[in-house]
Amino acid sequence: NVRYDMFNFLFARLGFDYNRVLFGGETTWEYTATASGALQLAGIPAALANTVIGAEHSQKWGYSAMAIPLTVGFNLPVNDGKINFYLGFGLTYARGGFDVEVEGPTVAWVIYTGDAALAVPGRSKQKVEFMTSAIGFNYLLGMDAEVYENLAVFIEVESQLVAGMSDGESLNAQGDAILDTPKIAKIQVPGGQIFRVGAKYYLGFPTL
């Protein structure tokens, strides 16, 4: 974040935030004989239904988002500016969303859809990505205290109220059978609430 102070009690600030998943978001499990029995009850031959026993199913989720908040606000200096309380409001441009990848034995899709036509040998994979960009509001509340010449520590909370609908993502036959639609879109919220603790350095540009 870069901030410019005016008249000692007004400020304008421009920032950049980036978030993404570094680890986690993955789940795996293996199908048991119970799954094979369910397939056989759905009319799938035992030889094909038994191929799911011990087969792995995986789901992997990802997330990334970036935001550019522009904020103007009021600064309340205390003790000759050694301590400052500040409050701001503004607009945020944000872009982001999530993706999910599902993979498993093709015959197992019958368990979720009841559609025996999907019971073929092999594995199926479905990956969709839901992204959006939008402009929303933000607000900021914080406090800083000088600890050395031109250096201060701060604590603040910033809320970015941004959301939008993603574009429609095409699905394969298995996804279409489960969700009963060839395309799907999701509401995305690339904004959020951020708690920060850090340091500020005064660069010494002229102030108004």
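In this predicted model, six strands each put at least two residues into the lining of the largest pocket: β1 (2–6), β2 (10–14), β5 (56–78), β7 (123–148), β8 (151–161) and β13 (192–201). Of these, β1 hands over the largest share, with five residues. The space they help to enclose comes out at a volume of about 1,000 Å³. In total, 33 residues line this pocket, and those closest to its centre are Arg 3, Asp 5, Lys 200, Tyr 201 and Tyr 202. Sorted by class, the lining is a mixed bag of 16 nonpolar, eight polar and nine charged residues.

Next comes the second largest pocket, with a volume of about 400 Å³. Here the lining runs to 19 residues, and Val 100, Val 102, Gln 126, Val 128 and Leu 179 sit nearest the centre. Helices join in this time: two or more residues each come from β5, β6 (83–105), α3 (109–113), β7 and α4 (173–179). The top contributor is β7, which supplies four residues, the largest share of this lining. As for chemistry, the second largest pocket is lined by 13 nonpolar, four polar and two charged residues.

Strand β5 turns up in the lining of the largest pocket and again in that of the second largest pocket. Two of its residues can be looked at one by one. Ser 64 belongs to β5, and its relative accessibility is 18%. Since the cut-off for buried is under 20%, Ser 64 is therefore classed as buried. Setting aside residues up to four places away in sequence, Ser 64 touches Tyr 18, Asn 19 and Arg 20, along with Gly 96, Gly 97 and Met 131.

Ala 65 also has its place in strand β5. With a relative accessible area of 2%, Ala 65 is buried too. Once neighbours within four places in sequence are left out, the contacts of Ala 65 are Asp 17, Tyr 18, Asn 19, Arg 95, Gly 96 and Pro 190. Tyr 18, Asn 19 and Gly 96 thus appear among the partners of Ser 64 and among those of Ala 65. One more spacing involves Asp 99, which lies 34 residues from Ala 65 along the chain; the C-alpha atoms of the two are separated by 12 Å.

Notes
Residues are numbered from 1 along each chain as its sequence is written. This is a predicted model: local features need pLDDT of at least 70, side-chain atom pairs count only at pLDDT 80 or more; totals for chains, interfaces and linings use all residues. Side-chain values use heavy atoms; hydrogens and water are left out. On a 1 Å grid over the protein atoms alone, a cavity is a set of points where a 1.4 Å probe fits but cannot get out, and a pocket is an open set with protein on both sides within 12 Å along at least five of seven lines; lining residues have an atom within 4 Å of a point. Grid points are joined across faces, edges and corners, and a volume is the space filled by probe spheres set on the points. Ala, Val, Leu, Ile, Met, Phe, Trp, Tyr, Cys and Pro count as nonpolar, Asp, Glu, Lys and Arg as charged, and the others, Gly among them, as polar. Buried means under 20% relative accessible area, exposed over 50%, partly exposed in between (1.4 Å probe, protein chains only). Contact means heavy atoms within 4.5 Å.
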